[in-house]
Amino acid sequence: MNSFYASVEAAYDPVLRGKPLAIAGNAKERRGIVVTASYEARAKGVKPPMPLWEAEKACPGLLVRPPNFERYREMSKRIFDILYSYTPLVEPVSIDEGFMDVTDVHFEGRHGLDLAQQIQDHIFQELHLPSSIGVAPNKFLAKMASDMKKPMGISVLRKRQVEDILWPMKAVEMHGIGQKTADKLSRLGFFTIGDIANGDPSFLEEKFGVAGRQMHNKAHGIDFRAVDPESIHDFKSIGNSTTLPRDTANKQEIIRVLRNLSDSVSRRLKRKDVYAGNIQLTIRYYDRKTITRSRKLSYPVDGTDAIYEQAKALFDQYWNGRTVRLLGVTGMDLVQKGFAVKPLDLFNYAEDEKHDRLQSLIGEVRSRFGEGALLKGTQIGGASYSDQLRDKKGRGTSLEKDFLRGSIGKEEVEDDSE
């Protein structure tokens, strides 16, 4: 979908159609971060994620609407209902994007381009939402094609076109390659997708692991992944981040935020019945420079204290003393409950069992009465951090509140790649 959140708002309110529109958090507070913007706003320099004040400076007369996630979820369901009407082989990737395997779909027309046009028209006529579609023999090429024409574009990408179309593109433009990987590739002499294609796959695997060989395959247009309708249930990490009420170098305040973030991640891990084998800390400084550091654990954990201890240790090790704008804590290398093993300490077994029961009880209380229930003294202070973790109904943290707090991650923003 194209500028999904903004397009949904325009679909509900025709007055917004064709206008420069931004979807952002609370415009009265500093957490006013632009989540997405209409193409009219983008044309005037509004590029998510950016502070709202900066967006309004770039685009005088910018219309701003707060996120309405219930509305977006409902519209997403209606979009996927349309896709499912063509084939059951639909793989949702996010709230506004998915793959379809249409190999065995019967339709009016001669080739896939006709079917893509039918689907695009169907969504636009029924929901008034623009989309872009990529048609290709595999998922990687289809994704690359879908990004080639926006908004309302349809692109076909064949394997025989890979050398002419993809190889001249910068490495960072390959789906699956982020800026950090692109920087590492450039240091190794790989600047374009063609460089990756012509590189030694064994060397790439040595430097990037399995992902290196996958990069080499994709650079040749090779991708054997099937469209998997069940893959939407998979998840690789669980995290939470927040923009601080003000830039600060006050360690006591920072530690309080880390404690709350760790507590939130712990309860989300438990709701998913998983443990984290790796804890990652994100620090964004006042000048927007961002660092991420992680620590592999000797055994998987899901408790607040264990997560907090690792996050604090990472902070103590890597904080450079400058004022901080954003903090994030993420549990990675997730292990399903029942498959995680903790070394047994005979002397502390009873204490561990008691602690686990207590943490479970606290989690149940907060799920029922809100994030501010049963906070430790070290979790209270500053700008009422417990209030920042509450939504309108007083319930727990979620992706929606991450947006409202200004936590903008590539995997969370619906069209950050645009």
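## Notebook: strands, cores and odd backbone angles

I started in the sheet: L281 has R293 in β10 as its bridge partner. L281 itself is found in strand β9. The model I am reading is a predicted one.

**Entry 1. Around L281.** Is L281 buried or exposed? I looked up its relative accessible area and got 2%. The cut-off for buried is under 20%, so L281 counts as buried. Next I listed what L281 touches, leaving out residues up to four places away in sequence. The list holds L258, I291, T292, R293, A311, L314, F315, G328 and V329. R293, the bridge partner, is therefore also among the residues that L281 touches. I then checked one C-alpha pair, L281 and T292. These two are 11 residues apart along the chain, and their C-alpha atoms are separated by 5.6 Å.

**Entry 2. The sheet.** I moved out from L281 to the strands. β9 pairs with β10 in the antiparallel sense, over 8 bridges. What is the order of the strands in this open sheet? I read β8-β11-β9-β10, 4 strands with antiparallel pairing. β8 (238-248) and β10 (290-301) are the edge strands. Each of these two has a single partner strand, so one side of each has no neighbour in the sheet. From one strand to the next, the twist averages 15 degrees.

**Entry 3. The helix across the sheet.** Which strands does α12 lie across? I found β8, β9, β10 and β11 (324-336). Relative to β8, α12 runs at about 160 degrees. The helix spans residues 251-271, and the loop between α12 and β9 (274-285) holds D273. I come back to D273 below.

**Entry 4. The largest core.** I turned to nonpolar packing. In soluble globular proteins, nonpolar side chains tend to be buried together. Here the largest nonpolar core has 28 residues. F4, I79, I123 and L129 have the most contacts inside this core. Which elements give two or more residues to this core? They are α1 (4-12), β1 (21-24), α4 (69-84) and α5 (112-127). α4 supplies the largest share, 7 residues.

I picked L129 for a closer look. Setting aside neighbours within four places in sequence, L129 is in contact with M1, F4, S7, V8, A11, M75, I79, I123 and F124. Another core lies apart from this one. That core has 26 residues, including L261, Y285, I291 and Y308.

**Entry 5. Positive phi.** Most residues other than glycine have a negative phi, and most peptide bonds are trans. I looked for exceptions. H128 is not a glycine, yet has a positive phi of about 60 degrees. H128 is found in the loop between α5 and β6 (133-135). At a relative accessible area of 41%, H128 is partly exposed.

D273 is my second case. D273 is not a glycine either, and its phi is positive at about 60 degrees. How exposed is D273? I got a relative accessible area of 37%, which makes D273 partly exposed.

**Entry 6. Cis bonds.** Then I turned to omega. The peptide bond from P48 to P49 is cis, with omega near -10 degrees. P49 is found in the loop between α2 (39-42) and α3 (52-58). K150 and P151 are also joined by a cis peptide bond, with omega about -5 degrees. Where is P151 placed? I found P151 in the loop between α6 (139-146) and β7 (154-156).

**Entry 7. T36.** I checked one polar residue in a strand. T36 lies in β2, residues 34-37. T36 has 0% relative accessibility and so counts as buried. What does its side chain make a polar contact with? I found the side chain of R42, at 3.3 Å.

**Entry 8. Whole-protein totals.** I closed with the global numbers. The protein has 16 helices and 11 strands. Of its 418 residues, 45% count as buried. I also looked at contacts with a separation of 6 or more. Residues 24 or more positions apart account for 62% of those contacts. The accessible surface comes to about 21,800 Å². Carbon and sulfur atoms hold 52% of that surface.

Conventions
Residues are numbered from 1 along each chain as its sequence is written. This is a predicted model: local features need pLDDT of at least 70, side-chain atom pairs count only at pLDDT 80 or more; totals for chains, interfaces and linings use all residues. Side-chain values use heavy atoms; hydrogens and water are left out. A nonpolar core is a set of buried Ala, Val, Leu, Ile, Met, Phe, Trp, Tyr and Cys residues joined through side-chain atoms within 4.5 Å. Buried means under 20% relative accessible area, exposed over 50%, partly exposed in between (1.4 Å probe, protein chains only). Contact means heavy atoms within 4.5 Å. Two strands pair if DSSP finds at least two bridges between them. Axes are lines fitted to C-alpha atoms, for helices over the stretch in contact, and angles run from 0 to 180 degrees between N-to-C directions. Accessible areas come from the Shrake-Rupley method with a 1.4 Å probe; for residues, only the protein chains shown count as cover. A polar contact is a pair of N or O atoms within 3.5 Å; within protein, one must be able to donate a hydrogen and the other to accept it, and residues adjacent in sequence count only if both atoms are side-chain atoms.
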